[in-house]
Amino acid sequence: MEADDDDDVPLILTWDEANSGLLGEDTERGDENGGGGGNYDIVNNAVIPTAGPQNYRVQNVSLRQSWEMNYQEAAIYLQEGENNDKFFTHPRNPKALAAYLFAHNHLFYMMELLTGLLLMVLSLCEAPAVPSLRLDVYVHATLELLALVMVAFELCMKLRWLGFHTFIRHKRTMVKACVLLLQFVEAIVVLIRQTSHLRVTRALRPIFLVDCRYCGAVRRNLRQIFQSLPPFIDILLLLLFFMVIFAILGFCLFSPNTADPYFNTLENSLVSLFVLLTTANFPDVMMPAYSKNRWSCVFFIVYLSIELYFVMNLLLAVVFDTFNDVEKMKFKSLLLHKRSAVDHAFQLLVSRQRPMGVSLKQFDGLMRFYRPRMSARDRFLTYKALNTSGAAMLSLQDFYKFYEVIGLKWKARRSREHWFDDLPHTTVLIFKGINLLVKSKAFQYVMYAVVAINGVWILVETYTLNSGFSWSRFVPWSYIVFLTIYGVEVLLKITGLGPMAYFSSGWNLFDFSVTMFAFLGLIALAFNMEPFYFIVVLRPFQLLRLFKIKQRYRNVLDTMFELFPRMASLGLTLIIFYYSFAIVGMEFFADVIYPNCCNASTVADSYRQINVTIGNRTVLEEGYYYLNNFNNILSSFVTLFELTVVNNWYITMEGVTSMTSHWSRLYFMTFYIVTMVVMTIIVAFILDAFVFRMNYSRKNREPLENLEDENGIVFEVEVSRDEVLATLELYKQTCPVLSSLSSLQKVLQAMDRNRHSSLVYLGRRSRTKSDLSMKMYEEEMQEWYAEYSRENLPQPDQSLEQELDSPISEASLS
């Protein structure tokens, strides 16, 4: 077997100018990055230079080293497909590969992340700083310079593997480089002058964080926001058009009323209607005109009906429709990008003698670079999962499923139905009865009834409590009763299903966690552990179990759980916008808001702080709005969140405007429009996810006998003893470290222990949005694949014919 494989010559030699047609890159890149490359090898992730002209590469370099080179490049292509990295950034020569390997590891990614976070966290220490975190100028300026040097180092590594021409064509990288240069100059100026100046450019610091590998989801969110902007801007212009028309009309109608401060000038009229769009000043803005003429309410009713209830909802509908199309096109683009990556990798893994398939040896070589920590057993099982046809080698169609199986977690299927089958007969009967009990629908609905009663009891119990209630006085008897019932349920399920089966269910994990927290709360009450009383309020979380009864509720909860990762990235996107606006607000509005300011404005009462004597007592009356300021980054974040909620946001705007200038309103209005864009995208995303889930449920009706069955994606693979022995021999020849084969040896030991000639393994992973999309767009995917084949497959076929007919191929085969 080894001799046969050693005779195999790679169909495509990595970085070989004569055979790199698949790479699809012009020779200009090769000349620029090192004279065409090809004179090096890779062994165990190390770049080793080799001597000799490129035309004699096959003769001068061992086939093993050639294969190692191809394995690594195939792994890089697959990683680029997984991460949606464009292929024009693919390394093309030895120097580029060394820089690529250095920049593509988790330590480097962590360095990028920490550098970006450090630059943003510095705003806590720079003037205007949080008082307890203030640092001297030379300290924070030095830290900033060190962080910027790290960013420059990251860009140098990128320049080394991309090459100059590709580097300047990469838009995101060029923006990062320009911002870096600007920040570098400003940091040096601050360090020399030993004092901070107006630095609005600090608002650009999130660019360094967004460019980090771990923030890919944030970049996708920003890309979707920008892609949704054209239709959004169209509707926004329509909204502003009606606003201007009504502002002119309102000024003409209500400016004669000297008691009306909202429409006495055209500027105030426009600002008042802008605020009215958020309903923050309604009905206050209407009352002066309404007191003079009751028919004036028609103006405000018509304005709100058009702007708020029609145009704003139209805006959401248009953004949702655009978002839906963008999501579909994004899925198509990523799907075809992955398919292209698989095509590239496949061509690098096949040999000249067998160009139509990938053997286990080549697949294992690929996986040693793609998943270095994957065990030999899992590599073998992944190969078996791909090889659905049972042929000697993986075909291209088999290899297309690479991304579907690569994330599987493999476990041997139990040879017996239940965990207790090996116990004595009497014990088996007892556990069998418990198993049937906990699996019965009657048991489930009884527990639902208990949860419902518990919920009603908690509501009644809480309603009867007065404001002076203290948990330390007693432990409610109902707490003990219901906790005992839940504890018995957990014990019965663990006993009947077995620990492994029980804890493999997400709902069971949720039930167990809530029950354990309730038990800890009971201990806190019993021993008067006051700091831990908060655990008691987690009891109502048990009520979420009731949502499992109805399919629609389960769909809502499933959608909510699926949205958590994406919502986290959207939240981070919103925080990045907050940070940029907070920096701008701090630079222009720091220390302009304080108690008893804004006395000349219409919102002076909201900022007042005075002592009022009532009888024999002196009471401090505060408007509290002076706390909504931009004196440091933390206060700015709180203020911006209040502006996002829009309730009484105009009070903050008018307070700042009265202490600065009327142009300050542009800051607040711009912030509202930006947050409206982001919030509309978030709402559209939630709607799209929910509607998608509903449509998927209707199209693929898969009723579950057990409401708690959540297998996700499951692959089943059966391996025989002969296959394991043959694979073990192959790995001994290809893997220098025998300790890595222990996982395969355990498979043989399990067969010997159970006296079986074969074992069945189950590979599981959670169902993702991509899996649901593949089901939903099953018909369209066939059209996409056909289109992709017409555009891309003829070129590899032609290059393959040229390869097999070339003199180099004949020399290699001989």
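Where in the chain is P128 found? P128 sits in the loop that runs between α6 (106-121) and α7 (137-162), and a cis peptide bond ties it to A127. Keep in mind while you look around that this is a predicted model. What follows starts with the chain as a whole, then moves to helix α29, the strands around β7, a few unusual backbone spots and one long-range contact.

**The chain as a whole**

- You're looking at 33 helices and seven strands.
- Of the 814 residues in the chain, 47% count as buried.
- The exposed surface comes to about 40,800 Å², and carbon and sulfur atoms supply 63% of that area.
- If you take the contacts with a separation of 6 or more, 74% of them are between residues 24 or more positions apart.

**How far to trust it**

- Mean pLDDT for the chain is 79, with 83% of the residues at 70 or more.
- At the start of the chain, residues 1-7 have pLDDT below 50; beyond near neighbours in sequence, that stretch makes 12 contacts in the model.
- Residues 794-814 also have pLDDT below 50, and here the model shows 22 contacts beyond near neighbours in sequence.
- Where pLDDT is low, don't read the predicted coordinates in detail.

**Helix α29**

- α29 covers residues 742-754, which makes 13 residues. From first C-alpha to last, α29 reaches 18 Å, close to the 18 Å expected at 1.5 Å a residue.
- Which residues of α29 are buried? They are S743, L744, V747, L748, A750 and M751.
- Look down the axis of α29 and those buried residues fall within an arc of 155°, so they line one face of the helix.
- Swing round to the other side of α29 and you'll find K746 and R753 exposed.
- What covers the buried residues of α29? The cover includes two helices, α16 (376-386) and α28 (721-734), plus the strands β6 (713-720) and β7 (758-765).
- Just after α29 ends, R755 takes a positive phi of about 60°.

**β7 and its partners**

- β7, part of the cover over α29, is itself mostly covered, with six of its eight residues buried.
- β6 pairs with β7 in the antiparallel sense, over eight bridges.
- Strand β3 (residues 409-412) pairs with β7 as well, again antiparallel, over four bridges.
- To see both pairings from one spot, go to G763 in β7: W410 stands opposite G763, and G763 is also the bridge partner of F715.

**Cis peptide bonds**

- The A127 to P128 bond from the opening is cis, with omega of about -5°.
- Another cis peptide bond runs from F282 to P283, where omega is near 5°.
- P283 is in a loop too, the one between α12 (266-277) and α13 (287-292).

**Positive phi away from glycine**

- N84 is not a glycine, yet its phi is positive, near 60°. You'll find N84 in the loop between α4 (63-83) and α5 (94-103).
- Is N84 buried or partly exposed? With a relative accessible area of 27%, N84 is partly exposed.
- V646 isn't a glycine either, but has a positive phi of about 70°. V646 belongs to the loop between α25 (633-645) and α26 (649-659).
- V646 has a relative accessibility of 15%, so it counts as buried, the cut-off being under 20%.

**Q79 and a long-range contact**

- Q79 has its place in helix α4, and at 23% relative accessibility it counts as partly exposed.
- How many residues apart along the chain are Q79 and Y370? They are 291 residues apart, and their C-alpha atoms are separated by 7.4 Å.
- Leaving aside residues up to four places away in sequence, Q79 touches Y100, F369 and Y370.

Technical notes. Residues are numbered from 1 along each chain as its sequence is written. This is a predicted model: local features need pLDDT of at least 70, side-chain atom pairs count only at pLDDT 80 or more; totals for chains, interfaces and linings use all residues. Side-chain values use heavy atoms; hydrogens and water are left out. The expected span of a helix is 1.5 Å times one less than its number of residues. Buried means under 20% relative accessible area, exposed over 50%, partly exposed in between (1.4 Å probe, protein chains only). The arc is that of the directions from the helix axis to the C-beta atoms. Contact means heavy atoms within 4.5 Å. Two strands pair if DSSP finds at least two bridges between them. pLDDT is the predictor's confidence in each residue, from 0 to 100. Accessible areas come from the Shrake-Rupley method with a 1.4 Å probe; for residues, only the protein chains shown count as cover.
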